[in-house]
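Trainee: Before accepting the labels on this structure, I would like to see the reasoning behind them.
Mentor: Then let us go through them one at a time.

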Protein chains: 2
Amino acid sequence: MTEPQRQLRGRKPADRRVRVERPHAGFFRYAGPGQFVAREAASVPRTPVGRFLARGRGVLFGRPLSNLEEGEERLPKKKALAIFSSDAISSSAYATEEILRVLVLAGTGALLLSLPIAAAIALLLAVVSTSYRQIGYAYPSGGGAYAVARANLPMIAALVAASSLLVDYVMTVAVSTSSAVEQVISAVPSLHGLQVEIGVAAIVLITIGNLRGLRESGNIFAIPTYLFLGGSLLMIGIGLWRILVGGEGALPPSPLPGAPDPLHSLGYLLILRAFASGSVALSGVEAIANGVPAFQKPEPKNAAATLTAMAVLLGILFLGITFIANSFGIVPIDEPTTRTVISQVAAKIYGESSIGFYLYQTFTALILFLAANTSYNAFPRLGAILARDGYMPRQMSYRGDRLAFTLGIVILSVVASSLLVIFGGNTTALIPMYSVGVFVSFAISQSGMVRHWLAERAGGWRWRFAVNGLGAVLTGIVAVVVLVAKAPESLLVAVIIPVLVGVMIFIHRQYARSRVELAVRDEGVFPAGRRHERVVVPVPGINRAVVHAVNVGRAISDDIEAVFIAEDAAEATEMRARWGRQFPDVPLVVVESPYRALVGPLLAYLDVLDARMPAGRDLPVTFVVVPEYVARSWWERLLYNQSSKRLRTALLGRPHTVVVNVPYRRDEAEPGAVAPHA
Amino acid sequence: MTEPQRQLRGRKPADRRVRVERPHAGFFRYAGPGQFVAREAASVPRTPVGRFLARGRGVLFGRPLSNLEEGEERLPKKKALAIFSSDAISSSAYATEEILRVLVLAGTGALLLSLPIAAAIALLLAVVSTSYRQIGYAYPSGGGAYAVARANLPMIAALVAASSLLVDYVMTVAVSTSSAVEQVISAVPSLHGLQVEIGVAAIVLITIGNLRGLRESGNIFAIPTYLFLGGSLLMIGIGLWRILVGGEGALPPSPLPGAPDPLHSLGYLLILRAFASGSVALSGVEAIANGVPAFQKPEPKNAAATLTAMAVLLGILFLGITFIANSFGIVPIDEPTTRTVISQVAAKIYGESSIGFYLYQTFTALILFLAANTSYNAFPRLGAILARDGYMPRQMSYRGDRLAFTLGIVILSVVASSLLVIFGGNTTALIPMYSVGVFVSFAISQSGMVRHWLAERAGGWRWRFAVNGLGAVLTGIVAVVVLVAKAPESLLVAVIIPVLVGVMIFIHRQYARSRVELAVRDEGVFPAGRRHERVVVPVPGINRAVVHAVNVGRAISDDIEAVFIAEDAAEATEMRARWGRQFPDVPLVVVESPYRALVGPLLAYLDVLDARMPAGRDLPVTFVVVPEYVARSWWERLLYNQSSKRLRTALLGRPHTVVVNVPYRRDEAEPGAVAPHA
């Protein structure tokens, strides 16, 4: 018999001999009796199309990685700063601009208010980063707002935190990408009008990189952060020198005597809006506290030092850029093409169209793309944690060939790209939806820490309790401010977060219910069932596939009958005669179907069979054996088996029913039983 | 035992008792031993959602019809004229316009040429309709170009005819609908700009009507034709009176002396193009000859008389409208809004904005929509004939609940709507693609008749041979003229027709091959196979679904083993220990899958099992028993069983493998075997 060889067709002859002696060798490593470890070869697709696709995937995403290849690398502080801070630090590229965009609505006289507003935000940053230092110490295993809330607060709070974070990560991608593209356009105005295209292309590239299993730990990720930091600090230094020493620039015009007080004329709402817009500067501050396990020992201490350095740098950048923009009277320009505030500051300091300006714009765009990339680690990882906890579909926790959480990455890209398209790649339009998620998750994690200290009451807990309490109160207030001041777009998020929470609870109940329904006792033997088996073979006529299916049916049980759904009586009579001749031992039931339905009458007939059983007896398990002609390509799939697919779907919902798909392949003749009609 | 009752839940208690005694009564009529006829109730969906959808379908499309309800109605000549001629006669609403649109490119002096061109087309109409009278006599069972070609010419010609007809029918829908909408807009200019929307809405309505199983035989279909005919004849009569007797209107300005001869200046190509555009007037002429069986006896004679009447009426309308348009110097107007030639003629004769004008425009639009509707009978019917002959996917021959060929109707609507959208609902843009199919099918059917007379040589055959020969030559020439003169759009059709033919041949080969592969001898008994059965149960853990699946597997064969694909060694060890305790009689094979793949390692393991078999022995049939948790809704389908779906797809391609899907439903405990873990 040549079948085993046929199975192994396409491999080298030398290999083949080895295989037949130790048949598992090609696919598995032998690990004991009945115990194998699959090699990469076991997952290689069997069809030419499948192999072709796999090869394409390999080129795009790299070869599959084994679980054992997952590396654990510890980061020194300097590298960790670069890698974990890109999200937070990059927000200095647009935070000033967002404040000015609100204030400019009230006239140039109001712009001066940007300085106190930025100072208030910097203060908030100081409080929040101090609070997060403590989270790093208390939860050195990382985990972020969801983990802290899960450990200390009711589950609903943890789910709100998780939803806020998911929204936050999506918005990080959308906002950072659109801001990066605006930096590019500020430098190369001829690209104006291509925002959405460039942004989506960037997201596609980042997606491919992450599906390849891109790790943030590469040196390449540290470079843009330091270049941007260096360029910004230099720019601020030169700017301050020119303003304070050289007397360049001018403070914005003071209000005319007798003019209304700006605070008064602006209205407090506008000031709150400017504050809310600027508070995006804080997004990403939590990244270091979440990533403590990646630091070198002692992890919490190193992380805390890095967090402080990050907060100080971010504060300097944000305040410095705001001050310089103010001194030179810079406001955002939209016509004829976008010119971001930071690009105007760079042009002022490094010189319009100078090499320094172009370099700085490049660094700015790079760190913003990098910030978008950080969400590609955080979002799928949180999705997988939620999936393992049963709050997201299980598929979110499946890792692809390259150990990346494929589904989470794809969802993140699709949603973020859609936002870019819907909002035309406009950063300012996206901002109102950004901050809400950020501050809700801050407030919940700080509240969790408050509960944590109350429960633990370790030495010095009062001080820690006070710090996190202040953080919780402040960030909670800011969350409300952001929600109210930046309505109505921010309200969209206020709807999305509860909906997400609802979906998670729903999913969790589903899984919990199915777990209960499927649960069996842990101990004791499960003996074989004692139920009778009955076989029903729906036949479309008599052909090889049918002969094969009937034989499979006969192997399962002697209680077998074939059912033929006929369109009219003439067809029925002919079939009955031929069937009686060729399958004398298998009774045939003919159902005429004047409404041309196939599935309905068959299901009805199965019900009739069940109803015929005498009451008080267990119903037998009904094996419905469906002959199928195996489609060898997509067009054959259109030409054949449409009916058996529908039949299968309908039968799977029926109790006590088992669906047996019997594929017929041309290379598989029933030995002796079938001979083609000459 | 309450299972049968549970099955019958939801029916009236009185019924229920009857059912249990005669369990088939609700679903079937008993027609002898093992012979049932399904009632409508047998096809009623089982799920609430299914029933809801069925109810919605019922409202939209009507209740299901039995095969026995298909009526056969014979049409009197007057009604037949109205029903079969709407396509042909309605083309007089745009044929003149299409001639003028070409000639106007050469200046107003050239417009006079429309009269001789229209006369030439009328002559062609006379020849073609005489030829088709003979087809009606020779093929009284109807069938059209495809049937005639199949009987007399090589198959390839029949397929070319079929493809041309399919294209022709699609174009009839697109052109008639767009022209109808243009008539509406000519009367109600404020609808300008909504062409596509109105056209697609009309197609949707026609589609719903036809999915309801709309019959053309209703009186309602006769009315618009006669109203349009009456209105047109009246209009032409008044017009001729006013021109010839009242001296109104004027012949177009004669060319100035010394001006170039219009024929010369136009160039012959432009004249040919005008002729080709106008020849759309002939589309639909074949409908009566195809519909002979629907006439009262003697069918061919009545059909021939009706055909002649139709041709005469069409000729009068076409020539009359062309003459009046010429006399009043009417040319198509596009700005500021479309005004069709026929609407301008009607405005001239009946008075601008008169009630007569609006009525006439209504009739014109109605007969054009009716013409579109005729394709909804012809296209799906031809598709079903092709499917029965094996040249189209079988689904094309399935009739839906209302006896309509659902798939054909849907395809026709989708393609025609797409054309409307792509060409912006512009009749003139669609016309070049229309005539090619029409004349190719004419030429092929006439050629088929030539062969028919040559083969038959009955009395008087020479005369008939000559008529069809002339028809074949003329329509063949016109087909070439249309193809060349109206390029490049017409060339698109010249590509589509061969592609369609290629697809049909491909489908036919596929079906032929599968028939050969599946063929079994007609006589002799098929005994049970003598192959060994082996059962493999892939298990994701131990739960009720798994217990159920293992029990099903044990029922099939004693040669059973379970396969557990583990992510890591720890998981494997734990599972092995528990399995050994709870299923001591079922060996467990554990495959560690460090690449996290599920399907690949399982397939590889099955190959290993096969390869282990000693050479020379028949391979056993492998039953892969897949436990499934039954999804009760679409969201559950997302949450569960994604893996088993992929597994099933992969296994269906494997030789000697049978896939057994064992659904687990919560209401189906394995008696005695399972108790939830308390």
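**Labels and their cut-offs**

Mentor: Trp461(A) has a relative accessible area of 11% and is buried. Keep in mind that this is a predicted model.

Trainee: What makes Trp461(A) buried?
Mentor: Buried means under 20% relative accessible area. Trp461(A) has 11%, so the label holds.

Trainee: Is Phe465(A) buried, partly exposed or exposed?
Mentor: The range between buried, under 20%, and exposed, over 50%, is partly exposed. Phe465(A) has 28%, so it is partly exposed.

Trainee: Where do Trp461(A) and Phe465(A) lie?
Mentor: Both are in helix H19 (residues 461-485) of chain A, four residues apart, about one turn of the helix.

Trainee: Why is the pair of Trp461(A) and Phe465(A) called edge-to-face?
Mentor: Ring centres must lie within 6.5 Å, and planes over 60 degrees apart count as edge-to-face. Here the centres are 5.8 Å apart and the planes are at 70 degrees, so the pair is edge-to-face.

Trainee: How many aromatic pairs does a search of the whole structure find?
Mentor: The search finds 18 over all chains. One of them is Tyr350(A) with Tyr360(A), with centres 6.0 Å apart and planes at 45 degrees, so this pair is tilted. It links helix H15 to helix H16 (residues 355-388) of chain A, across 10 residues.

Trainee: How do you know that Tyr360(A) is buried?
Mentor: Its relative accessibility is 1%, and the cut-off is under 20%.

Trainee: What makes Thr338(A) buried?
Mentor: Its relative accessible area is 8%, again set against under 20%. Thr338(A) is in the loop between helix H14 (299-327) and helix H15 (341-350) of chain A.

Methods. Residues numbered from 1 in each chain as written. Chains lettered and ligands numbered in written order. Predicted model: local features only at pLDDT ≥ 70, side-chain atom pairs only at ≥ 80, totals over all residues. Heavy atoms only, no water. Helix = DSSP H or I, 4+ residues; strand = E, 2+ residues; numbered from the N terminus. Buried < 20%, exposed > 50% of the residue type's maximum accessible area, 1.4 Å probe, protein only. Phe/Tyr/Trp six-rings, centres within 6.5 Å; stacked < 30°, edge-to-face > 60°.
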